[in-house]
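Thanks for making time this morning. Please have a look at the sequence and the fold before I begin.

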Amino acid sequence: MSDKTDVLELKTENTKMPDNTFEELTPQEENRIIDELFPLISILDSYGVDTSMGGGKCPLCGHPDDFVITRDKNTWWCETCSNTAHDNIEFVAKIERITRDEARRHLLQMAGFGK
């Protein structure tokens, strides 16, 4: 019986408990956290993008009237510099000129996850 107890104690000691590090999150969990804490509209607002009309001048390329925000899908796109819909993470990546992974990490750290 003492052998079973020793094995259980050893497993408990070797099990890393969550400590708010994003290395322990799945990509789906990361995206869910980011979407809940940083919806696209709040990110756009924080960068000074006028979101009242659902679009307008692109904050990335500057082309007037080409930036489109689709609130119900939480996406954006620009008719001039983008040919597909993007999410909040991609906006941060493009505006900060960093990779998508760096943008995801940045947002997770802002949410309190990370080292």
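I will go through two helices and then one hairpin.

A word on conventions: this is a predicted model, in which local features need pLDDT of at least 70 and side-chain atom pairs count only at pLDDT 80 or more, while totals for chains, interfaces and linings use all residues. Residues are numbered from 1 along each chain as its sequence is written, and side-chain values use heavy atoms, with hydrogens and water left out.

Helices (H or I, at least four residues) and strands (E, at least two) are DSSP runs, numbered from the N terminus. Let me begin with helix 2, residues 27–37, where E30, I33 and I34 are buried, buried being under 20% relative accessible area and exposed over 50%, with partly exposed in between, for a 1.4 Å probe and protein chains only. Seen down the axis, these buried residues fall within an arc of 95 degrees, so they line one face of helix 2; the arc is that of the directions from the helix axis to the C-beta atoms. On the other side of helix 2, Q28 and E36 are exposed.

Turning to helix 5, residues 100–110, we find A103, R104, L107 and L108 buried. They cover an arc of only 135 degrees around the axis, which puts them on the same side of helix 5. After helix 5 comes G112, with a positive phi near 100 degrees.

Finally, the hairpin: strand 2 (67–70) and strand 3 (75–78) pair in the antiparallel sense over 4 bridges, where pairing requires that DSSP finds at least two bridges between the strands. I69 has W76 of strand 3 as its bridge partner, and among the 4 residues between the strands, N74 in the turn has a positive phi of about 60 degrees.

Technical notes:
Contact means heavy atoms within 4.5 Å.
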